[in-house]
Amino acid sequence: MSSYYNRDPDQEADEEDEVDLEDKKQVSEQNRDCLVYLVDASPAMHRSLDADGTTGFQACVAAAAAQYRSRIINDHRDRVGVVLFGAAKPLNALGFAGIHVLQDLDEPSAARISQLEKLSESSTLFDAEIGSTEEFTLHEALWTVNQIFSKSAKKNDHKRVFIMTNNSHPHADNADLQRLAITRARDLRDTDAVLYLFGLDRDGQAFDFDYFYKENIIISGEDPSSQELDDSQVEQEEETRYFNASGGLESLTQRVEQKVFKKRTTFSCTMILGDGFEFGVRGYNLVSEVKPSSYTYLVAATNEEAAIQTSYICKTTSQQLALTDMDFYYPYGGEKAIFTKEEVAQIKYFGEPGLRLIGFKPLAVILKKPYYNLKHSVFIVPDESKYVGSSSVFIQFLARVHAKQKAVICSYMPKKSTSPRVVALLPQMEEYDDKGNVLKPSGFNMIHVPFSDDLRKPEAPAFAISEKLPILEPAVKVFGEIIDKTTIKNFSVYNYPNPTLQKHYANLQAVALKRDTADDFDDHTAPNNEAIQRRIAKLVPALRDALPESNEEDDAPAKPAAKRKAAGDSPAPKRAKVSAVDADGGVDESVVQNAYAAGTLQKLTIPVLSAFMKKNGITPLKKKDALVGQVEEYLAAKQE
C-alpha cells in the first residue's frame, strides 16, 4: 500500500539545515584548528603593562586562558598549545635551552585552563616553577613549534602561531641568529602554517613592526597563502597578521579574540554582469545571532549519551517507512497535489548558482528603507579560485560603483537547491585607525530585499497627530531636554554583550572547571536608573506642569450597571449626600484624617484632597495618585 506523508514546508527547511550542519560538521572534523601561543617569557615581559600592575607576560597568558575557556565550549575539537621562549627551566623534546613547552598541542581542558589562570594571577608561581632568562634563540622557538605541528597536527588542519612579545629587535647584534630565525619561519610557512604577531609596548616605546618581524617572520613573498591574491589583497592580508596589542589585558584579549575567530565562507559563486562576463566572489557573515550551545540527552542511569533516530510511520498500518517508500504532497484547494522527490527537486531548480546583475539604483534610495533588509548582511570579496583575475575586476567594479554612489541590484542564488532572491550590494571602501589597523575592509555588503509577495500592508489608522492630541510646546521642550540629557554618546554594539550567553557560559565554565560558583558578569542591557534619575530629576516637575490636568472622571473607575428591580419592590430611600467641601471652599479636615486612618484616601475626590492641602498651606499636586501620596506624607509627618 502506498502512503503519503504530509510534509511541512518548515520541516523541509529544517531538514535541509540539518544536512548543511552535517556537512559543516564533517568539514570541521577534517579541518581542525591547531593554534600554538608562542609567548615571550624573558625578563622584559615581566614589567608592568598597565596601571593595575599586570605584566605583559601575565596579560598574554590570561588572554590565552580566556580563549581556552571559549574553545572548551564552542569547539572542543580544536587543538591548542603554549610554548614559552626565554624560560630559565627548559622543557622540550629537542633539548633547546630557554624553550619551555608549557602545554603540548591538545584539546582544551579544565586542568589546562586552571594552569594558565594560576600563572596569569601570580608572578611568584612562574618564578618558582619556570623562571625567566635572556639565554634563548628565536629560531629554536620556531623550530619547536614546527616539531609540535609535525607530531600532533594532521595534513588538512588549519595551523596558526600567535607570537606575543614586546621585543621588536630580537638578536639585534647577531645577524646569524636572525637569518636562522627567518629560515625557521619560512619552514613553518612551507607547512601552510600562518604566523601572527601581537606586539606589546616596552617601557613606553611602541613596538616597531618594520624593524624585523614584519618582512622576515610574519610575511614573505614566498608565503603560500598569498599566492592567489593580488597586490592590494596581499597588503590587506599582511595588515591583519600583525598589530599593536598594547593597552592592557582587556585590549590584548580583544585582539586575540579577533584573530582566534575562524573565518569561513558562507558561499562561493560567480558574479555575472552579462553573457560571457563573469568573475569569482565569495561571501562572509559579518553578523549572525549567537545562541547558547544546545544540550545533549544522557541516559539517566549511566550518563551515557543517548542516540537520536528519526523514523516515519504509516498512519494506517503503523509500518515503518524508508525515504524511498514516500512521496510528498502540498495541499491545494482542499486537494492533495502529490509529487515524487525528483519532481520536487525539479520544481525547486532555477538554474546554476550565481550573482546575476539586474541593474543599479541610487544608494540613497536603498538606505531610505533599512527595514527592507530581511536577513543579516553578507560581506562579499573576490575569489581567485573561480577565475584568475577576479580580484582586479572586482576592485575596479567596486571603486566605480562607490564613486557613483550606486547600489548593485542582483539576483542571488548561492546553491542549486535554493530559490533566487533579490539582493542589493552596497559598496564599502577600506578604512584605517590611527595605528594603521584595518577598521573596514573593501568589498560589498549584500542585503536581502523583499519580493512584492513578502510585503504586508496592515490597515493602520492614518491621522495627523495634531488632530488627535494637541501639541503642547512646553511639554515638547521638556521632552527635548530629557532626550538631550539621556542621549548615549559614542554608541557601539561592542559595548553590549549578550547577557544570556554570558550567564550560560559562566555556569558551564563553573561546572567544567569544578568551581563552587559561577563568575559574576555585568548586564549592560540593564538601564542605569540612578544616572537617568540624576539627569532628569529636575525636569520631571516641569513636565508634570506642562502636561494637561487629567479629569477626575477619567480617574474614577467605571460604575457597575444598575440592577433591575423586582416587581412590587418599593424604591429604596435615598441617602443624603454630605459634601466635605463647603461653599467657601473649606474642607472638613476630620473627613480626610478619618480616611487616612482607615486607609481609604483613594475614595476621596481630588477637590477634597486639594482643598485639604491648600488649607494647610501646601500647593497640591495635580495627579490623583501623586496627590494621595502627598496627603499621606503630610499626615504621617504631622503624627510624628
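The following exchange examines how several descriptions of this predicted model are justified.

Trainee: What makes strand 15 mostly covered?

Mentor: A residue counts as buried under 20% relative accessible area. In strand 15 (residues 378-382), five of its five residues are buried, so each of them falls under that cut-off.

Trainee: Which way do the residues of strand 15 point?

Mentor: Val378, Ile380 and Pro382 point one way, while Phe379 and Val381 point the other way. In a regular strand, side chains alternate between the two faces of the sheet. In strand 15, the residues pointing in either direction are buried.

Trainee: Why are strand 9 and strand 15 called paired?

Mentor: Pairing requires at least two bridges between two strands. Strand 9 (residues 277-285) is joined to strand 15 by five bridges, so the criterion is met, and the two run antiparallel. Within this pairing, Asn285 has Val378 as its bridge partner.

Trainee: How do you know that strand 20 pairs with strand 15?

Mentor: Three bridges link strand 15 to strand 20 (residues 443-448) in the antiparallel sense, and at least two suffice, so these strands are a pair. Here Val378 stands opposite Met446.

Trainee: What is the predictor's confidence across the protein, and where does pLDDT stay under 50?

Mentor: The average pLDDT is 78, and 78% of the residues score at least 70. pLDDT stays under 50 over residues 1-30, for which the model has 34 contacts beyond four places in sequence. Over residues 572-578 pLDDT also stays under 50, with zero such contacts.

Notes: Residues numbered from 1 in each chain as written. Predicted model: local features only at pLDDT ≥ 70, side-chain atom pairs only at ≥ 80, totals over all residues. Heavy atoms only, no water. pLDDT = per-residue confidence, 0-100. Contact = heavy atoms within 4.5 Å. Buried < 20%, exposed > 50% of the residue type's maximum accessible area, 1.4 Å probe, protein only. Helix = DSSP H or I, 4+ residues; strand = E, 2+ residues; numbered from the N terminus.
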